[in-house]
Structure formats: structure tokens, C-alpha cells
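Student: I am new to this structure and should like to examine one part of it closely. Would you kindly set that part within its surroundings as you explain it?

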Amino acid sequence: MAPVVGIVANPVSARDIRRVVANATSLQIADRANILLRVLAALHACGVRDVLMMPENGGIRAHVDRGMMRARSRGEDIYPALHPVSMPITGTVADTHRATAEMRRAGVSALVVLGGDGTHRAVAAECGTVPIAGISTGTNNAFPEHREPTITGLATGLAVTGRVPPHIAFAANKRIDVSLDRGANGGAVTEMALVDVALVTERYIGARALWRTENFRELYVTFADPEVIGMSAIAGLLEPVGREESGGLMVRLSPDSNCRRSTTLHAPIAPGMMAQVGVTDWRRMPADVAFVPEVTAGSIALDGERELSFTERDRLSLTLRDDAFRTVNVAAVMRHAGQNRLLTGTPVPVTAAF
Amino acid sequence: MAQNPFPLGKDELLKAYRTMRTIREFEERLHVDFAKGDIPGFVHLYAGEEACATGIMMHLNDNDRIASTHRGHGHCIAKGVDVHAMMAEIYGRSTGACRGKGGSMHIADLSKGMMGANGILGAGAPLICGAALAAKVRGDRGVGITFVGDGASNQGTFLESLNLAAVWNLPVVFVVENNGYAESTAMEWAVSCDSYVDRATGFGMPGVTVDGTDFFAVYEAAGEIIRRARDGGGPALLECNMVRFYGHFEGDAQTYRAKGELEAIRASRDCLTILSERLIEAGVIGRDELQAVDREVNALIEDAVRAAKAAPLPAAEDLLSDVYVTY
């Protein structure tokens, strides 16, 4: 049976206050549709003929349909058939959860995701063993790697059609599980983060984004990457931890960067925004070990956005998990494709002429 | 009393709640009185959208100007226009904010920086550019806020104003109150570029989208945007996704809504309920304190209606007064 690929494209990512307090980009709806058309063309070139897509009212699908219609008008057969998942649209993250679950049940071989870290987190919560191919259209985008979407589509197509062995095509990823026990009357809340969990002193959700460094207290990351923006950069500029390594990093932050016990770090916490962060200390965060934070009240920011508030009455713990979900290893797939000449016209190995 | 986790002190939180409750009661009362035929003209109610006006106006002073819309009661109340004068104006009485000649869609109070509700869709945007230019020339750190609905954002005046504000780097905030319907037309049928932030981006200014039913989301985002404009950082657009509890106008049968839609948004997206539950849950303000505010507001609205009904209509000899300006 020909593989089917699912697509989750979030029309409302990259719209938060970091457009004002920093210089974050605003990727337009038409640009997101254009990205999807590039992905679809690459999938089709690999033999994928059917794609499921999360329905949305943000306009992406309408622009994609227009692009596909124009191609058909010119007699071009370059896109797979696009099928919307049948489900009500709420315009919230619940749509991503539901669409992902529906597509997983429908047996998609991979999920192409357009969004920021938050969108990818929502997909990872429901995708099970279905691998994710991430495309960054959000704000900080630490999780999805920056890459031309055509190549992401191509790698996904090569992976799901079996032309690249699974052990090369797919990579394991980490996550941090967050457990919040609100006691007898409040129940328990479980959440997760793909890149970072930040504990901040603001106890309201508000505009969600993190940019007031004086409120940062504790930070937990699955990978500490000095090449990305946001919380992971803070950790990455102290002690880099790779995506493939087991475990992550825990960093204690100080409200007073001039405190004798702390070090001042200059970190890119948002696009175009360098900020001073007071760092008290840091240490490795081994997998499967529950961490109980010192900070007792505030907000929990998951992948850069305040999501939950907690008080002294609540019990909070964080546990990093290795091998929590899979992604398409685009770099490995394309390297394999090149080394094995998967896209040449003949399967016979050839050498370059000198 | 628990530690206050919010970005506002208790007095300010009570002020925000009181403002939102006043708007709600004001509109609920008009809904009833209009159906009885007590009110001349048309009214467009702001019920359900209170967090937007309140979250923004908490950052403004009387020197800051706003240009409102046909759905302007909430903007007026949040900007500090006297509720008695507003009610009298809507009842068409000579004690009204505009001496009873403006009605619901033309309430203005320049002493509060309220340049007027406006029956012409999208007309507030160029007006606020003028006010913002004046503030910039005077150097008084004033800002201008204009409101449009998702429908009026398609008007040429609005788009031209985005351009003008960007070119002149005016201290303007364009607030798109997106309640999903342009009168009866759902947004996806009528807005070609799908995102208001995209429109702002196209004119070279930042745009931000927030949940307009969350007072704190509006308050925090608006605070940053207004501070930026006040400091000379230029214009920005704020889209508030929100819901309206009544029709486009009073008497609207709302046949364009899905079955159960109104009940669902009233149950899950009532900004007043969301705010009050957060305040109570945090232990900052008790339910009894909020109920005391409710009683005060009820008495205020009741008294405003009583006073409006008792006030005289404009006299025939006042027909041409306050209408034309002599330069």
C-alpha cells in the first residue's frame, strides 16, 4: 500500500508579543501555503500520492488549493491528492491534538509539521510512533531545524517510501515530562516539553511569551544548543548538550545578575533580543530522574510559553525521557540519498567522470 | 490573603473588574430596554468583548486619544466617559454626552480623549492618525488607539491609515476586534489575506494576536505595544480574538451562527467569568468583594437609566446648536 503522509500546518504560530518586544518574524499565511506546496511537490516526486491535512480556518488550505488548481490548469501533475481530516475546527491547540490523533489512527507514515516549538509539542503529544518532519514557521523554533522545506519534503518522501532504511531515516528525540499535583481538590496535570521547561515568577499566563529575564528562576532543557534562540540558548551557552545525547541540562537562574553567587550570561532569548541572565549554577539532568524544583510558585513555561501557573500548595516534578518520539532525520536521509544515488535516473552505481 | 501573582495591584484589579462589569450591565440593560422600544435609533452591543477595551484602556490616560466604532459603548466606559451621560445620550436626552444629538453611534467626550464612536466603518483609523500626529508634533507622549472590527479592517481607510502611520512613524495602535463576523459574514468568506498580522507585516509594522477573552493577555500585550508607541517606537497592530454575545445589532436574528454556538461561547469564553474565577482562585479578591462591585454597578446602571428617562429631550431651538463649527 502506498504510504500516506499527514500534514499539520498551524496558521496562528508566530503571532505573539515577541513581534513587539523583540524583532521576531511574522511568516505570512501565503508564505506558509507556499512552503506546503514545496513540501507536497517533493513528496509527490518520491511517489507519495495521498496526503492528509489538518483542517483550519486560517487560510492556508485555501492558498494551497489555489496553487494546486493553477498547476492542474497548466497540465502539471506535480502534487499528491490532499484530503482534509474530517473534524470540527476550534481554532485552538485542540485542533492539532485531534488532527494528529486522527491521522495516526488513519495510519500515516509520517507527519510534516509547520509551526514553532509549541505546535511541534502538540503533535508530539499525540503522534505515538509516527515520525515528525518539522518545518519552522514559529518564533524561536529551537526544535524544528532551519532548512529549505523542499528538502524536508524530499527526505520525508524517501523515508516513508522505504528507500532509506529506518535506522538511518528516523531519529529518537527527548522530552521532559511535567507533573503537577494540585492536591485532593485540584487533581493532577501532566504536560510535556520538547526543548525546555522554564519556571518563572509570573503567576499569570498573560501574553505567554518569556522575555523578562529578571523573572527567570529555573530552566530544564532536553538539549542545550548555542545555535538556537531562546531558553535552550541559555543552557547551550553554558554547557552544550546535543539532541542525540542522553539527558539534558538543568540551570538555576538568579534575579540579580550582580549577585556575588551568580554569573551574568548574555544570551539571545528571542529573535534580535540579547539579554543579561543571572546564572547561579547548572548541572546535567539525567534521563528518568525526577527533579523537584526549588522555586515553589510561579508559572511553568513549556517550550518558551507560559502555560500553567502553580502555587506553594502544588507539587511539581520534572523528568527527562530519552527516546520519547521519532523524527525524520533529514540530514541523514539526504546524505544516504546522495551516497547511494537514490535520485539518479538509473539504479546502477555510477562514478563521476574525470 | 494570598500573595498577589498578577501584574496589577488589588485596587487596579478591582478597577478592571468594575469596568468590565459596568460595560456588561450597561449592555445587558440596553438589550432589554431596546426591545421594549424605549431607545431611539440602533444599538450595537459590546457584551462579551469587555476584556479587550478594558485591558487596553488600563494603560491610557486622558491625554491619549481613542477613535471608536459603531460598537463603542465599551470603549467609552473603559476610557472613563460618564455612564450617566452615556445613558442619557443613548436615550436621546439633552443631558447626554453630546446633548442627545449623537446617540449610541456618536458618543464622544474629548475631555477623556474619547474622539467618538463612529457609524462609518473604518472611519476611526484616519482620524486617529491625525490625533497621533498632533501628539507627535506636540511631543506630549500621547498615543492614539483606533478600533476596527474584522469587517472594517477591509476598508480602504483602514489600510491607508496603516500605511500613513508606518510612513510617519506615528504613535498609533490599530486594534482589530475580531469577533468572527462582519455583521453576518464570517471572516473566512471576506478577508483575503486571512491574518491581520499579515496585513501589519505588509505595511512594515509588527502585529500581535492575543486571546481577547483573556484580560491579562490583552493587558500585557497592549502594555508593551502602547509603551513602544509612547517611546517613539511607532505603530503596531493588535488583534484580539473575541466573541460577541448579541447580534450585530439589536434585533439581529443571527441566522448565520451555528446551532448552539452562542450557548457554547457564553459557557466557555465569557471574559468576565474567566477574570473573576482567576481572581478568586488566586485568593487575591474574594467572591464577596466582587459581588459588592456587582451591586454597586447594578445601582449605577439603574440610576443612569432612571436619570436618562427623567431628563428632557433636546428642545426644538437647539436643533442647530453644537452641530456646525465656526472657524
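Student: In chain B, what percentage of the contacts with a separation of 6 or more is accounted for by residues 24 or more positions apart? Please take chain B as the part to be examined.

Tutor: The model is a predicted one, and the description that follows should be read in that light. In chain B, 74% of the contacts with a separation of 6 or more are between residues 24 or more positions apart. The chain has 12 helices and seven strands. Of its 327 residues, 53% count as buried. The C-alpha trace covers about 60 × 50 × 45 Å along the principal axes. Its radius of gyration is 19 Å, which agrees with the value near 20 Å that a compact globule of 327 residues would have.

Let us turn to the sheet of chain B. Five strands form an open sheet in the order 1-2-3-7-6, and their pairing is parallel. The edges are occupied by strand 1 (65-67) and strand 6 of chain B; each has a single partner strand, so one side of each is left without a neighbour in the sheet. On average, and with direction ignored, neighbouring strands of this sheet are turned by 20° against each other. At one edge, strand 1 of chain B runs parallel to strand 2 (residues 144-149) of chain B, and three bridges join the two. Within this pairing, R65(B) is placed opposite G144(B) of strand 2. Helix 9 of chain B packs on the sheet and touches strand 3 (172-178), strand 6 and strand 7 (236-241) of chain B. The direction of helix 9 makes about 170° with that of strand 7 of chain B.

Helix 12 of chain B deserves separate attention. It comprises residues 287-310; at 1.5 Å a residue, its 24 residues should span 34 Å, and the distance of 35 Å between its end C-alpha atoms agrees with this. The buried residues of helix 12 are V297(B), I301(B), A304(B), V305(B) and A308(B). A general rule helps in reading such a list: an α-helix has 3.6 residues a turn, so residues three or four places apart point the same way. The buried residues of helix 12 pack against helix 1 (10-35) and helix 4 (83-90) of chain B.

Chain B also touches chain A. The contact takes 23 residues from chain B and 19 residues from chain A. On the side of chain B, the elements that give two or more residues are helix 8 (196-202), strand 6 (207-211) and helix 9 (215-230). Helix 9 of chain B supplies the largest share of that side, seven residues. By type, the residues on this side of chain B comprise 13 nonpolar, four polar and six charged. Helix 9 of chain B thus appears twice in this account: it packs on the sheet, and it contributes to the contact with chain A. Strand 6 of chain B likewise stands at an edge of the sheet and gives residues to the contact.

The partner chain completes the setting. Chain A has 10 helices and 16 strands. Its radius of gyration, 21 Å, is close to the 20 Å that the globule rule gives for 354 residues, so chain A is as compact as a globular protein of that length. Buried residues make up 50% of its 354 residues. In chain A, residues 24 or more positions apart account for 70% of the contacts with a separation of 6 or more.

Chain A contains an open sheet of seven strands in the order 11-12-10-9-8-14-15, with antiparallel pairing. Strand 11 (263-270) and strand 15 (305-310) of chain A are the edge strands, each pairing on one side only. From one strand to the next, the twist averages 35°. Strand 8 (residues 196-200) and strand 14 (residues 298-302) of chain A run antiparallel and are joined by four bridges; V200(A) has S299(A) of strand 14 as its bridge partner.

Elsewhere in chain A, strand 6 (residues 170-181) is joined by 11 bridges to strand 16 (residues 315-328), and the two run antiparallel. Strand 6 of chain A is also antiparallel to strand 7 (residues 188-193) of chain A, with six bridges between them. L180(A) illustrates both pairings: L316(A) is its bridge partner in strand 16, and V189(A) stands opposite L180(A) in strand 7.

Technical notes:
Residues are numbered from 1 along each chain as its sequence is written. Chains are lettered from A and ligands numbered from 1 in the order in which they are written. This is a predicted model: local features need pLDDT of at least 70, side-chain atom pairs count only at pLDDT 80 or more; totals for chains, interfaces and linings use all residues. The radius of gyration is taken over C-alpha atoms; the globule rule is 2.2 Å times the number of residues to the power 0.38. A residue is buried if 20 or more other C-beta atoms lie within 10 Å of its own, exposed if 12 or fewer, and partly exposed in between; C-beta atoms are placed from the backbone. Two residues are in contact if their C-beta atoms, placed from the backbone, lie within 7 Å. Ala, Val, Leu, Ile, Met, Phe, Trp, Tyr, Cys and Pro count as nonpolar, Asp, Glu, Lys and Arg as charged, and the others, Gly among them, as polar. Two strands pair if DSSP finds at least two bridges between them. The expected span of a helix is 1.5 Å times one less than its number of residues. Axes are lines fitted to C-alpha atoms, for helices over the stretch in contact, and angles run from 0 to 180 degrees between N-to-C directions.
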